[in-house]
Amino acid sequence: MSLDSIFGEVPDPSSYSFPDYALPQGDPVRPVAVTAAELTALLDLYETFAAVDPTGASSNPFVRATSEFLEQTFGTTLERPDERLHDDIADMLSDFSEALGDDSLGVVDVTPAHFRTLYFFLTSCKAYHVAPHIGFAPDERSVETLVEVYQRAVDQDFYLKRPRSVLE
C-alpha cells in the first residue's frame, strides 16, 4: 500500500474534534493490544520523524545565528514548534514499552493524552509527507502500524482505571 493511500485514511483535522474526557471519579483509559513488532515499528517511525526539521532551523546558518543572538541577548531560545510533540511521542512510546515489558504481546492503556499524541503523530506524519520541501518518506509498514494502533484506540471504549467511590 502506498503512503498516499495510507494517509488518505487519516481523519481530516479541520473536521475532527476530541471527545470530552471529563469522566468522574477515575482515570479514563482505552485498552489497546500492541505487539513487540508493532512497538518496534512505531519506534522506527518516531526516529525517522524526529530526524526531520520542518523549519530548517538546524540546517540554516542564519536562523541558527539568530537563535544564538536571542539566547545571548534576551536569555530565550528559538524553539522549534515540533519539539513538544517529539517529547509527547517519546513519553507515549516509553509508557507503551513499559506496559509491554519483555512480552511479545500486551495491552497498553491509552490515556486521553496518549490518544491526542497518536492523532497528532499521525497527522504530522501526513503533513510532513505532503509538504514538498520536507521530503518525508517513512517506511510504509511503520505508517500502516501507526494507523492500525490509532484505529484500535478509536474503536475502544473508555473505562475507568482506579475508579474512586463517592465516599473517598
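**Sheet pairing and helix packing in the predicted model**

Strands E1 and E2 are paired in the antiparallel sense, with 6 bridges between them. Within this part of the predicted model, Arg30 is placed opposite Val110 of E2. The two strands belong to an open sheet of 3 strands, in which the order is E2-E1-E3 and the pairing is antiparallel. Because E2 and strand E3 (159–161) stand at the edges, each with a single partner strand, one side of each is left without a neighbour in the sheet. From one strand to the next, the twist averages 55 degrees.

The chain as a whole contains 6 helices and 3 strands, which follow one another along the sequence in the pattern α-β-α-α-α-β-α-α-β. Of its 168 residues, 36% count as buried. Among contacts with a separation of 6 or more, 85% are accounted for by residues 24 or more positions apart. The mean pLDDT of the chain is 84, with 83% of the residues reaching 70 or more. Among the elements, the highest mean pLDDT belongs to H2, at 95, and the lowest to helix H3 (residues 61–74), at 78. In general, predicted coordinates should not be read in detail where pLDDT is low.

Helix H4 (residues 83–100) comprises 18 residues, which at 1.5 Å a residue should span 26 Å, and the distance of 26 Å between its end C-alpha atoms agrees with this expectation. The buried residues of H4 are Leu85, His86, Ile89, Met92, Leu93, Phe96 and Leu100. They lie on the same side of H4, because the arc that they cover around the axis is only 130 degrees. An α-helix has 3.6 residues a turn, so residues three or four places apart point the same way. On the face of H4 turned away from this buried side are the exposed residues Arg84 and Glu98. The partners against which the buried residues of H4 pack are strand E1 (27–35), helix H2 (36–50), strand E2 (105–110) and helix H5 (112–130). Just after H4, a positive phi of about 65 degrees is adopted by Gly101.

Helix H5 likewise agrees with its expected length, since its 19 residues reach 27 Å from the first C-alpha to the last, close to the 27 Å expected at 1.5 Å a residue. H5 lies across E1 and E2 and runs at about 100 degrees to E2. Its buried residues include the aromatic side chains Phe115, Tyr119, Phe121 and Tyr128, and Pro112, His114, Thr117, Leu118, Leu122, Thr123, Ser124 and Cys125 are also buried in H5. The elements that cover the buried residues of H5 include helix H1 (3–7), E1, H2, H4, E2 and H6.

Helix H6 (residues 140–155) also lies across E1 and E2, and runs at about 140 degrees to E1. Thr145 is found in this helix, and counts as buried because its relative accessibility is 3%, where the cut-off for burial is under 20%. When neighbours within four places in sequence are left aside, Thr145 is in contact with Glu38, Ala41 and Leu42.

Key
Residues are numbered from 1 along each chain as its sequence is written. This is a predicted model: local features need pLDDT of at least 70, side-chain atom pairs count only at pLDDT 80 or more; totals for chains, interfaces and linings use all residues. Side-chain values use heavy atoms; hydrogens and water are left out. Helices (H or I, at least four residues) and strands (E, at least two) are DSSP runs, numbered from the N terminus. The expected span of a helix is 1.5 Å times one less than its number of residues. Buried means under 20% relative accessible area, exposed over 50%, partly exposed in between (1.4 Å probe, protein chains only). The arc is that of the directions from the helix axis to the C-beta atoms. Contact means heavy atoms within 4.5 Å. pLDDT is the predictor's confidence in each residue, from 0 to 100. Two strands pair if DSSP finds at least two bridges between them. Axes are lines fitted to C-alpha atoms, for helices over the stretch in contact, and angles run from 0 to 180 degrees between N-to-C directions.
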